[in-house]
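Please follow this structure part by part, with the sequence and the coordinates side by side. The paragraphs below take up the sheet and its helices, then a metal site, the aromatic rings and the start of the chain.

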Amino acid sequence: MKRLVAPSILSADFNYLGKDIEMINQSEADYIHFDVMDGVFVPNISFGVPVIKHVKKIARKPLDVHLMIVNPDHFIEPFAEAGASILTVHYEACTHLNRTVQLIKSFGIKASVCLNPHTPVAALEDIIHDLDMVLLMSVNPGFGGQKFIENTYKKVRQLRGMIDVAGTECLIEVDGGVNYKTGKRLFEAGANVLVAGSFVFGAENPSEVISGLKQL
Ligand code: DX5
Ligand code: ZN
């Protein structure tokens, strides 16, 4: 089973973002994770299309863009044009999720749906066949450095079962409070991609932590 790592630049040093991107380029990371926040869907504002556009010029890993925004349909094209390889929209922000997923795919990029901690995995039963990835929030979205929500392990196991029944290659990504302890249990529960922000960028040697997560 794929075991991938996606450092979240939400916790990077924005005074030296190019340096942190270069560290990720040279590390064992598989994706670069971007936490886009609009201050409406989540109680925080982070960054948007211009940052993705600039990072795309120097990135040597796929851009994994997590849209914590309302009305994501309005921003699929701009983020696809800016260089996103994977676009994640929140289930809770989409009135017509099937249409949104088809719109993402129409730009030739991977479609992913995110569930907040309170949203059951079963909500994806009738769209799982169309998804390249499901992102499970293991914290309430909006901030890095929060405490991991233990119920996430159960959701990972449930989602792994749903995907196995569906017989698809859909990846399971988990985001929030990921460290060596939670990461190991997440991989064991069937997760494929670990998003880590503060655990990576708060470390003395971020590249070493990325390798450590890969080897869990
Ligand atoms: C939403 C963000 C954070 C971030 C990871 O809150 O999606 O979860 O990516 O934050 P850490 O790894 O610092 O918990
Ligand atoms: Zn995220």
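In this predicted model, helix 4 (residues 97-106) is laid across strand 4 (86-90) and strand 5 (110-115), and its direction makes an angle of about 145 degrees with that of strand 5. Strand 4 and strand 5 are themselves joined in the parallel sense over five bridges, and within this pairing Thr88 has Ser112 of strand 5 as its bridge partner. Strand 5 is mostly covered, with five of its six residues buried.

These two strands belong to a wider arrangement, an open sheet of eight strands in the order 1-8-7-6-5-4-3-2, with parallel pairing. The edges are formed by strand 1 (4-7) and strand 2 (32-37), each of which pairs on one side only, and from one strand to the next the twist averages 25 degrees. At one of these edges, strand 1 pairs with strand 8 (residues 193-196) in the parallel sense over four bridges, and Leu4 finds its bridge partner in Val193 of strand 8.

Toward strand 2, the other edge strand, helix 2 (residues 49-58) lies across strand 2 and strand 3 (63-68), running at about 170 degrees to strand 3. Helix 2 also appears in the surroundings of helix 1 (residues 17-26), whose buried residues are Leu17, Asp20, Ile21, Met23, Ile24 and Asn25. The cover over those buried residues includes strand 1, strand 2, helix 2, helix 7 and helix 8 (206-214).

Which protein atoms serve as donors of the zinc ion (ligand 2)? The donors are His33 (NE2), Asp35 (OD), His66 (ND1) and Asp175 (OD), and they lie 1.9 to 2.1 Å from the ion. Along the chain, the donors of this zinc ion (ligand 2) follow the spacing H-x1-D-x30-H-x108-D. Both His33 and Asp35 are buried.

The aromatic side chains offer another way through the model, which holds four aromatic pairs. In one of them, the ring centres of Tyr180 and Phe199 are 4.9 Å apart and the ring planes stand at 85 degrees, so this pair is edge-to-face. Because Tyr180 lies in helix 6 (residues 180-189) and Phe199 in helix 7 (residues 198-201), the pair ties together parts that are 19 residues apart in sequence. Tyr180 is partly exposed, with a relative accessible area of 34%, and Phe199, at 25% relative accessibility, likewise counts as partly exposed. Elsewhere, ring pairs link Phe14, Phe34 and Phe47 into a cluster. A ring also takes part in a contact with a charge, for the charged end of Arg185 sits over the ring of Tyr153, 3.9 Å from its centre.

Finally, the start of the chain can be placed against the rest. Met1 is found in the segment before strand 1; is this residue buried or exposed? Its relative accessibility is 64%, and since exposed means over 50%, Met1 counts as exposed. Leaving aside neighbours within four places in sequence, Met1 is in contact with Arg160, Gly190 and Asn192. Between Met1 and Ile52, by contrast, the C-alpha to C-alpha distance is 29 Å, with the two residues 51 residues apart in sequence.

Technical notes: Residues are numbered from 1 along each chain as its sequence is written. Chains are lettered from A and ligands numbered from 1 in the order in which they are written. This is a predicted model: local features need pLDDT of at least 70, side-chain atom pairs count only at pLDDT 80 or more; totals for chains, interfaces and linings use all residues. Side-chain values use heavy atoms; hydrogens and water are left out. Rings of Phe, Tyr and Trp (its six-membered ring) pair if their centres lie within 6.5 Å; planes under 30 degrees apart count as stacked, over 60 as edge-to-face and the rest as tilted. Buried means under 20% relative accessible area, exposed over 50%, partly exposed in between (1.4 Å probe, protein chains only). A charge sits over a ring if NZ of Lys or CZ of Arg is within 6 Å of the ring centre and within 35 degrees of the ring normal. Donors are N, O and S atoms within 2.8 Å of the metal (3.2 Å for Na, K and Ca); water is not among the atoms, so sites may look incomplete. Two strands pair if DSSP finds at least two bridges between them. Axes are lines fitted to C-alpha atoms, for helices over the stretch in contact, and angles run from 0 to 180 degrees between N-to-C directions. Contact means heavy atoms within 4.5 Å.
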